[in-house]
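With the model open in your viewer, please follow the stops below in order, making each selection before you read what is there.

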Amino acid sequence: SVTERTYIMIKPDGVQRSLVGKIIARFEERGYKLIALKLVQATEEHLEKHYADLKGKAFFPGLIKYMASGPVVGMVWEGLDAVKTGRVMLGATNPLASSVGSIRGDFCLAVGRNICHGSDSVENAEKEIKLWFPEGTVQYTSALESWVFE
Ligand code: DAT
Ligand code: MG
């Protein structure tokens, strides 16, 4: 639906590599609406909640250390098919398998430094939005809406 929401996060390497503006621009230009945004130094405890499903994987401790190694940019983007299309825009988990033209396919090479996160289902998106934005998202009318959607 047009009000589907997804949680997109620029990881510490994306912030350090000055890719914040480029990544935001892709979602803006595609026609998605920004309804929440913050730069935050996440704690390991918070990141363990975010990645709870991956606890037990061999790469989990390294993933948590990497994600806590610097600030991340958390965002909520709203629009048609935001979850699935957001994942397509990010590219495959392993950047070597990501299509050129996707964010990972254009800007990174290693699975453990893949610069961005996107929710993988509507249900997980809503969970992640609650975890990262307990204060909620922002309501406003986008001037572009009537030109982006029928
Ligand atoms: P995604 O981020 O595409 O949703 P995921 O949820 O399966 O992928 O894994 C979360 C992150 O964990 C992923 O972005 C990078 C890291 N990761 C996944 N598989 C990995 C692996 N085999 N080795 C190292 N890091 C991995
Ligand atoms: Mg995932």
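Begin by selecting Tyr7, Trp132 and Phe133, which ring pairs link into a cluster; as you look at these side chains, keep in mind that the model is a predicted one. A search of the whole structure finds 4 aromatic pairs, and two that share Phe27 make a good next selection. Phe27 and Tyr32 form a tilted pair, with 6.4 Å from centre to centre and 45° between the planes, and both of these residues are buried. Now add Trp77, whose ring is stacked with that of Phe27 at 5.5 Å centre to centre, with 25° between the planes. This second pair links distant parts of the chain, since Phe27 belongs to helix α2 (residues 20-30) and Trp77 to strand β3 (residues 72-78), 50 residues apart. Like Phe27, Trp77 is buried.

For a ring with a charge over it, select Tyr140 together with Lys33: Lys33 lies over the face of Tyr140, at 4.9 Å from the ring centre.

Next, show helix α7 (residues 122-132) and colour its buried residues, which are Asn124, Ala125, Glu128, Ile129 and Trp132. Why do these residues sit on the same side of α7? They cover an arc of only 140° around the axis, and therefore they share one side of the helix. If you turn to the face of α7 directed away from that buried side, you will find the exposed residues Glu123, Lys127 and Lys130. To see what covers the buried residues of α7, bring up the elements that include β1 (5-10), β2 (33-40), α3 (44-50), β3, α5 and β4.

Helix α4 (residues 60-67) can be examined in the same manner, and here Phe60, Leu63, Ile64, Tyr66 and Met67 are the buried residues. Their arc around the axis is only 160°, so they too lie on the same side of their helix, α4. The face of α4 that is turned away from this buried side carries the exposed residues Pro61 and Lys65, while the cover over its buried residues includes β1, α1 (12-16), α3 and β3.

For the last part of the tour, turn to what the UniProt record annotates. An unreviewed UniProt entry gives the annotation "domain: Nucleoside diphosphate kinase-like" for residues 3-140; in the model, the end C-alpha atoms of residues 3-140 lie 12 Å apart, and the span is 41% helix and 17% strand. Under "binding site", the unreviewed UniProt entry lists Lys11, Phe59, Arg87, Thr93, Arg104 and Asn114. From this set, the lining of the largest pocket takes in Lys11, Phe59, Arg87, Thr93, Arg104 and Asn114, and two of these residues deserve a separate selection.

Select Arg87 in helix α5 (residues 82-90). At 34% relative accessibility, Arg87 counts as partly exposed because that category lies between the limits of 20% and 50%. Apart from neighbours within four places in sequence, Arg87 is in contact with Thr93, Gly118, Ser119 and Asp120.

Is Asn114, at 2% relative accessibility, buried or exposed? Find Asn114 in the loop between α6 (103-107) and β4 (116-118); its 2% is under the 20% limit, and so Asn114 counts as buried. Leaving out neighbours within four places in sequence, its contacts are Lys11, Asp13, Tyr66, Thr93, Pro95, Arg104 and Cys108.

Terms used
Residues are numbered from 1 along each chain as its sequence is written. Chains are lettered from A and ligands numbered from 1 in the order in which they are written. This is a predicted model: local features need pLDDT of at least 70, side-chain atom pairs count only at pLDDT 80 or more; totals for chains, interfaces and linings use all residues. Side-chain values use heavy atoms; hydrogens and water are left out. UniProt positions are given in the numbering used here, feature names are shortened, and annotations may be inferred rather than shown by experiment. Helices (H or I, at least four residues) and strands (E, at least two) are DSSP runs, numbered from the N terminus. On a 1 Å grid over the protein atoms alone, a cavity is a set of points where a 1.4 Å probe fits but cannot get out, and a pocket is an open set with protein on both sides within 12 Å along at least five of seven lines; lining residues have an atom within 4 Å of a point. Buried means under 20% relative accessible area, exposed over 50%, partly exposed in between (1.4 Å probe, protein chains only). Contact means heavy atoms within 4.5 Å. Rings of Phe, Tyr and Trp (its six-membered ring) pair if their centres lie within 6.5 Å; planes under 30 degrees apart count as stacked, over 60 as edge-to-face and the rest as tilted. A charge sits over a ring if NZ of Lys or CZ of Arg is within 6 Å of the ring centre and within 35 degrees of the ring normal. The arc is that of the directions from the helix axis to the C-beta atoms.
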